[in-house]
Amino acid sequence: MIGRAPLGSGRVPTGTTGPGPVWLALLLLPLALVACGKRGPPVAPERRLPAPVQDLAATVSSEGVRLAWSVPKIRMDRSALKELRRVEVYRRPEDGTPAETPRPAILSFGGLFGTPRGVPGFERVADISLEKPAAPAEVRGGQVVYTDAQGLTFGKRYTYVVVAVDAQGRPSPPSNRVTIARAAAPVVPTGLTAQAGDGQVRLAWTAPAALEDGAPAPEGLVYEVYRTTTRDAPAGRPLTPEPVDAPQFVDLTAQNDTTYYYSVRARTGVGGPAGPPTAAVSATPEDTTPPAPPRGLVAVVAGTAVRLAWEAVRDADLAGYLVYRSATSGRAYEKLTPAPQPGTTFVDAQARSGQTYYYVVTAVDRARRANESTPSGEAAVRMP
């Protein structure tokens, strides 16, 4: 019968084949070979851990607590961290008053080979794969965003830390701590409308009257306006750097002939909890501004025809000119050019001898619905 000794007892198991020193030498041989292959001084294991996340931030929204942070790029020894596998999110409810300093967060190790047990006093609420993140986690380049909505209570404060884990399963120290209260956000604004204009869209909506917990909405609500060019696209960043303080907004950065989708959500002040966004409404601005009218129109007889000339219009979106003629001054003009012509001269070869003609010219732009200027000054000529 082979005898066994407890792990770590210091005794060599009895009943093994061969002398004890030989067994011990064989056990240590791989470690010796690895050590011989290394160059330079040995590195302490804790120096090979990923560096901690240092920019963890938290905000409150209608969905829960939104956490955001940057993925570490180095290890504790300042060497490059080439592969980070996942990030663990830890949460702890705080029972003290906001003035109290949150208790520290320390990573605990345990198990036979030093596998991490977590952060004592904290509950692990998410384990995010950086390669294939699942909702409500998002990875955008080197940024991670996660929204915690698990069992949160309005009015209660929570402290969060995150731990980064590399491909070998080595965890970083806990990140900086963030503590935030789960305050109630405003309900969704109502009645959002979008009125398109020339290079602009005018938005208006009705302010929410209550918070998510049923309390009346406080004074000083602010609003974030979002714009996309695809109906179901994520909202992304707000359209304005700062929230607007009134239930209306004019988007002066809209481009004509582009369809935009707008949504709005309310906050209880700058940096306060944000409520859910409205359903998207669409608007397509259009160019409705006509070019300037041509100037300096002259008409002269040129043999059996009438030759017209005028000054060029300098509008950037000019498509061309339309020429009109009438036998009566000031009215009943007929169009001589079925489509805008690019030049600033025109020859009317259909003029008849003994007739007096009155001409005007207009400018037309390249808008989707072409805008035509007011007529130029009238030029008259009598054919001999």
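In this predicted model, the accessible surface of the protein chain comes to about 21900 Å², and carbon and sulfur atoms account for 55% of that area. Of the chain's 384 residues, 36% count as buried. The secondary structure consists of one helix and 23 strands. Among contacts in the chain with a separation of 6 or more, 64% join residues 24 or more positions apart.

**Nonpolar cores**

In soluble globular proteins, nonpolar side chains tend to be buried together. The largest nonpolar core here has 25 residues, and those that touch the most other members are L56, L67, W69, V89, I128, Y146 and Y160. Two or more residues come from each of β2 (64-70), β3 (84-94), β6 (123-129), β8 (143-148), β9 (157-166) and β10 (178-181). Of these elements, β9 gives the most to this core, with four residues.

Y146 illustrates how such a member is surrounded. Leaving aside residues up to four places away in sequence, Y146 touches V65, R66, L67, W69, V89, V125, A126, I128, P136 and A137. A second, separate core is made of 18 residues, including A299, F346, Y357 and Y359.

**Strand pairing**

Strands of a sheet pair through backbone hydrogen bonds, either parallel or antiparallel. Three pairings are set out below.

| Strands paired | Sense | Bridges |
|---|---|---|
| β11 (residues 190-196) and β12 | antiparallel | five bridges |
| β12 and β14 (residues 248-251) | antiparallel | four bridges |
| β22 (residues 356-365) and β23 | antiparallel | four bridges |

Strand β12 (residues 201-206) has a covered face formed by V201, L203 and W205, while R202, A204 and T206 make up its uncovered face. R202, on the uncovered face, stands opposite Q195. V201, on the covered face, has D251 in β14 as its bridge partner. The hairpin of β11 and β12 has four residues between the strands, and there G199 takes a positive phi near 70 degrees.

Elsewhere in the chain, an open sheet is formed by four strands in the order β20-β19-β22-β23, with antiparallel pairing. Its edges are β20 (334-335) and β23 (379-382); each has a single partner strand, so one side of each is left without a neighbour in the sheet. Y357, which belongs to the second core, stands opposite V381 in β23.

**The largest pocket**

The largest pocket holds about 790 Å³ of space. Its lining comprises 25 residues, of which R66, R140, Y226, G236 and R265 are the closest to the centre. The elements that each give two or more residues to the lining are β1 (57-61), β2, β7 (137-140), β8, β13 (222-228) and β15 (260-267). The most lining residues come from β8, which gives four. Strands β2 and β8 thus link two parts of this description: each gives two or more residues to the largest core, and each does likewise for the pocket lining. R66, one of the residues closest to the pocket centre, is also among the residues that Y146 touches.

**A183 and its surroundings**

A183 lies in the loop between β10 and β11. Its relative accessibility is 30%, so A183 counts as partly exposed, between the limits of 20% for buried and 50% for exposed. Beyond residues up to four places away in sequence, A183 touches V60, F154 and P273. The C-alpha atom of A183 is separated by 9.6 Å from that of T268, although the two residues are 85 residues apart along the chain.

Notes: Residues are numbered from 1 along each chain as its sequence is written. This is a predicted model: local features need pLDDT of at least 70, side-chain atom pairs count only at pLDDT 80 or more; totals for chains, interfaces and linings use all residues. Side-chain values use heavy atoms; hydrogens and water are left out. A nonpolar core is a set of buried Ala, Val, Leu, Ile, Met, Phe, Trp, Tyr and Cys residues joined through side-chain atoms within 4.5 Å. Buried means under 20% relative accessible area, exposed over 50%, partly exposed in between (1.4 Å probe, protein chains only). Contact means heavy atoms within 4.5 Å. Accessible areas come from the Shrake-Rupley method with a 1.4 Å probe; for residues, only the protein chains shown count as cover. Two strands pair if DSSP finds at least two bridges between them. On a 1 Å grid over the protein atoms alone, a cavity is a set of points where a 1.4 Å probe fits but cannot get out, and a pocket is an open set with protein on both sides within 12 Å along at least five of seven lines; lining residues have an atom within 4 Å of a point. Grid points are joined across faces, edges and corners, and a volume is the space filled by probe spheres set on the points.
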